[in-house]
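Work through the exercises below with the sequence and the model side by side. Each task is followed by a solution that goes step by step.

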Amino acid sequence: MKDKLTVRDLYSLLREEKGSPAPREVRVDGWVRTNRDNGRIGFIELHDGTLFKGVQIVYDGESGYSRLRTGAAIEVVGELVFTPDNAQPFEIKAREIILIGDVDDDYPLQKKRASFEFLREQAYLRPRANTFQALFRVRSVLAMNIHRYFQDRGFVYVHTPEITSNDAEGAGQVFSIVTDAKDPYRDFFGRKASLTVSGQLHVEAFALAFKDVYTFGPTFRAEKSNTPRHASEFWMIEPEIAFAHLDDDMDLIEDFLKYLIKETLASCPDEMAFFDKFIQPGLLEKLNRVLTSPFARMTYTEGIEILKEAVKSGHKFENGKIEWGMDLQSEHERYLTETHVGGPLFLTDYPKEIKAFYMKENDDGKTVAACDLLVPGEGEIVGGSERETRAELLREKMEKLGNFEGLEWYYNLRRFGGCPHAGFGLGFDRFLMYITGIQNIRDTEPYPRTANQLKY
Ligand code: 4AD
Ligand code: MG
């Protein structure tokens, strides 16, 4: 009896023995995706999760295997038969099917197509559904490719802390950490502690030691905004490069994202074809176009002019009061990237009042050297900037915000061998939405966390 093979092994066999592979006996285990029979002969679509594809099991209609239900765990022993003329390159003619784990009647994933909302309620089962088989494999491959990109280029991976005493972005949307209710803030660390909203400040110190670094880990934000793009827990990739300016930062973002798209298309062709067919028709064309054209770059000030023009010529925004200094809403971002540019767009040099304290102030005294990358269908997926390196200017800003105390070390980086440096944050889950066409961030995360949602 042959050792057990996975569906992945079966497809490797096919590749290795191209030409005329001999039939052989195999053992495979997995779960019944569908089971149908016409009395004489039956077919089980078996998936074991090792590949997006499954394998077809053919059995004798008299055998009783037609009783095996969707979702059941089974072991199949049979003959692997190559069928080059069929849609599937091979099938297994079952000699024996052993029921390993049966399915109760109330199994929620029956054959019919379930909605995303319904599947979200079944977060512990949805990895078995096609869309999530595709999604979570792409998520895994993407994570590895992120590391590969940076490691191949000599970047040092830094594990910045999840527990912190600062609110890097200054937005005040932090989850506090307490051990009991008596002395909520100071009982354990002796000072206010929260979950990190960004590893940037900590990773900057490493950039000033290793030059090129990155952090990649979970990030927490207590934004109550109930949108399809905001999660309370998400992953962020934050590279930081020393002796570098905003242009270098944007070059890096563009090269990095194109690399990730290219590698994902190459590593997950079946999954990406599925998204193209069932989730966002035109996805592959969109991604291939992104690979071959430069990302547009435009200043915030130019963006505002374009939005004003749009309003003049009759475009309706929910917030149509466009004025310099405003924080752009997703609808404005999307107009610029979707309608005006028709592709990814770097919007740069934002008013300093609407951006974080650490961004380098431009010579005009009004704007900062920031860049947001906006993409069609979503809006912002990357936020980056060159950092303020003038110690006293930075200190003034921090004191005005009241966050200097506790962050003296961050200011000191400017006094102890400071240099121009820049970095960015890519929202991992938002990027996953972009490359799969999935419309809700809750469907890109294994167990999404958002306001009022903590079922699993
Ligand atoms: O623009 P943000 O706030 O930038 C920073 O955190 C900087 N410290 C980055 C840096 O320069 N090192 O966040 C970066 C990205 C956003 O563009 C977005 O993609 C994602 O993080 N993001 C979220 N993703 C999901 N849910 C949320 N609530 C998010 N908030 C930000
Ligand atoms: Mg941002």
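Two strands are taken to pair if DSSP finds at least two bridges between them, and the helices (H or I, at least four residues) and strands (E, at least two) are themselves DSSP runs, numbered from the N terminus. The model is predicted, so that local features need pLDDT of at least 70 and side-chain atom pairs count only at pLDDT 80 or more, while totals for chains, interfaces and linings use all residues. Residues are numbered from 1 along each chain as its sequence is written, chains are lettered from A and ligands numbered from 1 in the order in which they are written, and side-chain values use heavy atoms, with hydrogens and water left out.

**Exercise 1. Describe the chain as a whole.**

Solution. Begin with the secondary structure, which comprises 12 helices and 15 strands. Next take the extent: along its principal axes the C-alpha trace spans about 85 × 60 × 45 Å. Then turn to burial, where buried means under 20% relative accessible area, exposed over 50%, and partly exposed in between (1.4 Å probe, protein chains only); buried residues make up 50% of the 456 residues in the chain. Finally consider contacts, meaning heavy atoms within 4.5 Å: among those with a separation of 6 or more, 67% are between residues 24 or more positions apart.

**Exercise 2. Trace the closed barrel and place helix H1 against it.**

Solution. Follow the five strands of the barrel in the order E1-E2-E3-E5-E4, noting that the pairing is mixed. From one strand to the next, the twist averages 55 degrees, where axes are lines fitted to C-alpha atoms, for helices over the stretch in contact, and angles run from 0 to 180 degrees between N-to-C directions. Then look at strand E4 (residues 73–82) and strand E5 (residues 90–101), an antiparallel pair joined by 10 bridges; within this pair, Val-77 has Glu-96 of E5 as its bridge partner. Last, find helix H1 (residues 7–16), which lies across E1, E3, E4 and E5 and runs at about 165 degrees to E5.

**Exercise 3. Which strands stand at the edges of the open sheet, and which helices pack on the sheet?**

Solution. The open sheet has eight strands, ordered E6-E9-E10-E15-E14-E13-E12-E11, with mixed pairing. Strand E6 (156–157) and strand E11 (296–299) are the edges, because each has a single partner strand and is therefore left without a neighbour on one side. Inside the sheet, nine bridges connect strand E9 (residues 212–220) with E10 in antiparallel fashion, and Gly-217 stands opposite Met-236 in E10. Helix H3 packs on the sheet by touching E6, E9 and E10, its direction making about 155 degrees with that of E9. Helix H12 (residues 428–436) also packs on the sheet, where it touches E9, E10, E13, E14 and E15 and makes about 60 degrees with the direction of E15.

**Exercise 4. Check the length of helix H3 (residues 130–152).**

Solution. The expected span of a helix is 1.5 Å times one less than its number of residues. For the 23 residues of H3 this gives 33 Å, and the end C-alpha atoms are 33 Å apart, so the two agree. Just after H3, Gly-154 takes a positive phi of about 80 degrees.

**Exercise 5. Is Phe-234 buried or exposed, and which residues does Phe-234 touch?**

Solution. Locate Phe-234 in strand E10 (residues 233–242). Its relative accessibility is 12%, and Phe-234 therefore counts as buried. Leaving out residues up to four places away in sequence, Phe-234 touches Gly-217, Pro-218, Thr-219, Arg-221, Asp-429 and Glu-445. Glu-169 lies 65 residues from Phe-234 in sequence and 15 Å away in space, C-alpha to C-alpha.

**Exercise 6. Which residues come nearest to ligand 1?**

Solution. Count a residue as near if one of its heavy atoms lies within 4 Å of the molecule. There are 23 residues around ligand 1, of which Glu-169, Gln-200, Glu-223, Glu-380 and Ile-381 come nearest. Now examine the polar contacts, each a pair of N or O atoms within 3.5 Å (within protein, one must be able to donate a hydrogen and the other to accept it, and residues adjacent in sequence count only if both atoms are side-chain atoms). A nitrogen atom of ligand 1 lies 2.6 Å from a polar side-chain atom of Glu-223. Polar backbone atoms also take part, with that of Val-382 at 3.4 Å from an oxygen atom of the ligand and that of Gly-427 at 3.3 Å from an oxygen atom of the ligand.
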